[in-house]
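Hi,

Here is the structure I promised to pass on, with the sequence alongside. Have a look first, and my notes on what turned up follow below.

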Amino acid sequence: MKAARLYAPGDLRVEEVPRPEPGPGEVLVQVEVALTDGTDLKTYRRGHPLLARESPAPFGHEFCGILDGRRVVAANSAPCDACEGCARGEQCRELVFLAGAYADWIVVPERIAAVTLHPVPQGLAPQVAAMVEPLACCLRGVDRASVQAGDVVAILGAGPIGLMLAACVADAGGWPVVVGGREERRAFLDDFGAEPGDGQGADIVIEAAGSPEAWADAIALVRPGGTVVMFGGLPADARPGVDAYRLHYEELTVRGAFHHTPSTVRAALAFLASGAYPWERLVTHRILLADLPALFADPPRDLLKAAVTP
Ligand SMILES: [Zn+2]
């Protein structure tokens, strides 16, 4: 079969490889469509401590496919159900991951097959169903933000994640304000319940740009007594400074949000199927697997997500 594999940052190859054999409890899914996302682009550029541990590394994690004649989606992880985080009902500390969605076939590990793999609701297009994983992350982020009805929620980052966060905030009764972003991306805000703004004095700020500058901006923008959620990850050795005055004297709350949970994965699939927002608009490009390296090497300016078909 054909598969895209990441050899090193900037070195992505589509190659002929043996079709993987599922082990006990694992399932083999025929990929219909995979989606690109910001995490993959980041991994392509600088590697990733969790998602690209070997070389060559299987690549891609948002997909929809066929299993035993049924259309299914799976999240890219499942909690281990054994660690202290799982025991406390917090984020799992030993998440089981999958990768390799940019391929004809993908093996889904046993834990994921058992916990976060779901049949696709009737009528939901495969390239929309494949958004379940990023949308589940956004629902987790909005849960962590504890949005109350009427809260103004500034979102730093206007990519697909920023737009999905906006939809989740709006659905929770908040008022999403998207800060920054390119002109061509602002055209999408209205569709996802958001408006552009500077975010100054927001009740809640969600950092979804994944840069030290955005972390600092998030803490600078929120109102006294407000909440900041760090949604975008930084490199493992990053030590961004913190405005101690604001944190202490203005009693800010700063929380992290990472990844998704089985509960938000289920909720995301239902949210997609609801058709409440024009999710399909987030897929701006359609390419064949063979053209993936070229796309990552030089992403089009207007790219939100690309649907990649084998
Ligand atoms: Zn765990």
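One definition before anything else: two strands pair if DSSP finds at least two bridges between them. Also keep in mind that this is a predicted model.

**The hairpin at the start**

With that definition, strand β1 (residues 2-8) and strand β2 (residues 11-16) are a pair, because DSSP needs at least two bridges and 6 bridges join them. The two strands run antiparallel. If you want to check the register, A4 has V14 as its bridge partner in β2, and K2 has E16. The hairpin has 2 residues between its strands, and G10 takes a positive phi near 85° there. β1 and β2 also belong to an open sheet of 3 strands, ordered β2-β1-β4, with antiparallel pairing. β2 and β4 (57-58) are the edge strands with a single partner each, so one side of each has no neighbour in the sheet.

**Domains**

The domain assignment splits the chain in two: domain 1 covers 2-130 + 278-309, and domain 2 covers 136-256. Their C-alpha centres lie 26 Å apart. Where they touch, domain 1 contributes 11 residues and domain 2 contributes 9. What is the side of domain 1 that touches domain 2 made of? By class, that side has 5 nonpolar, 1 polar and 5 charged residues.

**The parallel sheet**

Next comes an open sheet of 6 strands, in the order β13-β12-β11-β14-β15-β16 and with parallel pairing. Its edges are β13 (195-196) and β16 (253-256); each has a single partner strand, so one side of each is left without a neighbour in the sheet. At the β13 end, β12 (residues 175-179) is joined to β13 by 2 bridges, and V177 has E195 as its bridge partner in β13.

Two helices pack on this sheet. α5 touches β11 (152-156), β14 (204-207), β15 (227-230) and β16, and its direction makes about 150° with that of β15. α6 touches β11, β12 and β14, with its direction at about 160° to that of β12.

**α5 and its helix partners**

α5 (residues 132-145) also packs against α6 (residues 160-171), at an angle of about 55° and with the axes 9 Å apart. That angle makes α5 oblique to α6, and the crossing is right-handed. On the α5 side the contact uses P134, L135, C138, L139, G141 and V142, and on the α6 side P160, I161, M164, L165, C168 and V169. Sorted by class, this contact has 11 nonpolar residues, 1 polar and no charged ones.

How does α5 sit against α10 (residues 262-274)? The two helices pack at about 115°, with their axes 8 Å apart, and are therefore roughly perpendicular to each other. This crossing is right-handed too, as α5 passes α10. From α5, the residues involved are V132, L135, A136, L139, R140 and D143; they meet T264, V265, A267, A268, L269, F271 and L272 of α10. By class, the contact of α5 with α10 comes to 10 nonpolar, 1 polar and 2 charged residues.

If you open just one spot, I'd go for α5: L135 and L139 are among its residues in the contact with α6, and both appear again in the contact with α10.

Cheers

Terms used:
Residues are numbered from 1 along each chain as its sequence is written. This is a predicted model: local features need pLDDT of at least 70, side-chain atom pairs count only at pLDDT 80 or more; totals for chains, interfaces and linings use all residues. Domain bounds come from an automatic or database domain assignment. Two residues are in contact if their C-beta atoms, placed from the backbone, lie within 7 Å. Ala, Val, Leu, Ile, Met, Phe, Trp, Tyr, Cys and Pro count as nonpolar, Asp, Glu, Lys and Arg as charged, and the others, Gly among them, as polar. Axes are lines fitted to C-alpha atoms, for helices over the stretch in contact, and angles run from 0 to 180 degrees between N-to-C directions. Helices (H or I, at least four residues) and strands (E, at least two) are DSSP runs, numbered from the N terminus. Angles under 35 degrees count as roughly parallel, over 145 as roughly antiparallel, 65 to 115 as roughly perpendicular and the rest as oblique. A crossing is left-handed if the near helix is turned anticlockwise from the far one by less than a right angle, and right-handed if clockwise.
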